[in-house]
Amino acid sequence: MKINKSRLLEMLHDLEDFTDTPGNGVTRFSFGVQDATAREYILEKAVDAGCTVDIDALQNIRIGLKSNVPGKSIVMAGSHIDTVRHGGWLDGIYGVCGALEVMLTLAEYVDAANSGDKSVMPIDQLKNNYEMVIFSEEEGSNFGSTMTGSKFVTGFYKEEDLGKLRDTNGKTLRQRLIELPIKDDEDEDSLDVYSMDYFDSGEILWDFDEIKSMLELHIEQGPVLDKEGLSIGIVDAIYGMRVVEVTLTGVGNHAGATPMGIRYDALCTAAECVLATEEIVKSDDDERIVATIGKLSVSPDCSNVIPQEVKFTVEVRDKDEDKINEYMDRIIERIRQLADARQVTCEITEHSKSSPLYLTKSLKDDMEKLAIKKNLAYKVMDSGAVHDACMIANFVDTGMIFVPSINGRSHVPEEDTKEEDLIAGVQFLMDTVLNEMKTEV
Ligand code: HGY
Ligand code: MN
Ligand code: MN
């Protein structure tokens with residue numbers, strides 16, 4: 001069964017335009033206008049293909065193939081459509097588009113089978129149902145916590161987290177969900193892109209017994225496949241991460257009238273903390289662990305006022321959870337020492353985390369056999385980036401497919417992948433879905 005290459009590329013380029021920062025990367029935060037527009041575009045394609053649509057209270061979307069029947073276990077594929085600020089045109093949306101292309105190809109197959117086309121096998125020989133999923137708020141661009149939608153469907157996050165997660169304006173996730181635009185009932189053909197379901201933990205948790213496996217297709221976001229000239233990555237382990245939020249409070253004062261010797265400058269303290277963080281992780285012998293201080297705000301943020309308060313996030317990632325905690329604890333201790341030395345107060349709160357994990361070995365092995373059978377230039381590799389797959393993998397067989405990122409760039413406007421690699425990745429997803437269904441077509 002061959003995917004429709006031109007349809008895939010057309011969808012990807014259409015969706016690239018749904019951005020708040022045209023000309024400067026893709027910025028499409030969950031629950032914003034561009035998110036709603038991208039949802040509408042995808043749901044229109046799905047509904048036109050006769051699919052079923054279910055949107056849960058966290059705005060995760062599950063889309064079912066028209067021939068799905070109760071009782072058959074589900075082979076699922078998907079990813080996310082939200083981005084970081086000034087991100088790339090492929091992160092997340094490529095896996096969603098790939099899952100949609102598989103859905104549209106299967107839907108065409110169902111139509112052919114139902115119209116008596118003898119060249120295709122009867123559709124009831126598809127051993128499993130097929131669903132695609134769009135996880136909400138994977139990047140955490142609103143609330144700082146990655147994989148928010150999948151953390152709710154797996155029970156990692158509970159109802160109380162709706163009131164704990166806050167965006168940069170101080171609004172909770174619950175408030176943001178309640179404020180989502182309600183479909184205009186008068187306008188019959190407008191689609192529900194958000195659900196007004198009230199959060200009910202019973203509703204939000206997935207019944208994982210009905211799911212056979214979940215596959216996520218994604219760009220690598222690193223340099224490995226591109227450097228080695230390979231077209232497919234089969235993911236083995238996904239690194240874990242731990243994020244803390246640091247607030248340093250010094251003494252604001254006049255920038256001109258305050259001698260250097262009597263300053264308690266929160267930003268100079270933060271600067272020492274940033275470099276100390278880098279120094280600590282760079283001291284690691286096997287050079288695998290990474291730490292990033294990517295978000296920092298200064299208050300009152302005026303050129304002629306000595307910074308009173310600085311808030312920043314520290315995230316540490318590695319394949320080994322003990323190592324993540326060992327290094328994060330060392331960083332926290334050093335930050336406290338530096339703040340004390342400058343008589344600046346320091347508050348550190350745990351923000352979010354996810355454990356490193358190995359994806360399902362049997363599924364990885366099946367994918368590797370398939371890649372060999374299809375004569376693909378592939379590599380089994382790890383993922384430094386986190387993905388919703390690492391939440392779902394705790395409950396069902398889960399696999400990930402990577403395609404190369406040119407020059408290893410991602411989370412930036414330069415993010416890109418060659419067309420032939422984009423196509424090869426979706427075709428491999430298609431073949432893997434059918435392989436999972438033990439259906440030779
Ligand atoms: O941060 C990550 O690894 C992912 O892009 N959300
Ligand atoms: Mn992603
Ligand atoms: Mn990302």
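In the predicted model, the manganese ion (ligand 2) is held by His-80 (NE2), Asp-91 (OD) and His-218 (NE2), at distances of 2.1 to 2.3 Å, and these donor residues follow the sequence spacing H-x10-D-x126-H. Distant parts of the chain are thereby linked, with Asp-91 placed in the loop between β3 (74-80) and α3 (93-114) and His-218 in strand β5 (residues 211-219), 127 residues apart. Both Asp-91 and His-218 are buried.

The manganese ion (ligand 3) is coordinated by Asp-91 (OD), by Glu-139 through two OE contacts, and by His-411 (NE2), at 2.0 to 2.8 Å, with the donor residues spaced D-x47-E-x271-H in sequence. Glu-139 lies in the loop between β4 (129-135) and α4 (148-153), whereas His-411 belongs to the loop between β16 (397-403) and α13 (419-436), 272 residues apart. Glu-139 is buried, with a relative accessible area of 11%, while His-411 is partly exposed, with a relative accessible area of 36%. The two sites are joined through Asp-91, which bridges the manganese ion (ligand 3) and the manganese ion (ligand 2), 3.4 Å apart.

Apart from the metal sites, the largest nonpolar core comprises 81 residues, and those with the most contacts inside it are Ile-42, Ile-63, Tyr-94, Leu-106, Tyr-130, Met-132 and Leu-173. Helix α3 makes the greatest contribution to this core, with 15 residues. Beyond its neighbours within four places in sequence, Leu-173 is in contact with Phe-31, Leu-58, Phe-143, Thr-148, Phe-152, Leu-162 and Leu-165. A second, separate core of 28 residues includes Ile-211, Val-386, Ala-389 and Ile-392.

Technical notes
Residues are numbered from 1 along each chain as its sequence is written. Chains are lettered from A and ligands numbered from 1 in the order in which they are written. This is a predicted model: local features need pLDDT of at least 70, side-chain atom pairs count only at pLDDT 80 or more; totals for chains, interfaces and linings use all residues. Side-chain values use heavy atoms; hydrogens and water are left out. Donors are N, O and S atoms within 2.8 Å of the metal (3.2 Å for Na, K and Ca); water is not among the atoms, so sites may look incomplete. Helices (H or I, at least four residues) and strands (E, at least two) are DSSP runs, numbered from the N terminus. Buried means under 20% relative accessible area, exposed over 50%, partly exposed in between (1.4 Å probe, protein chains only). A nonpolar core is a set of buried Ala, Val, Leu, Ile, Met, Phe, Trp, Tyr and Cys residues joined through side-chain atoms within 4.5 Å. Contact means heavy atoms within 4.5 Å.
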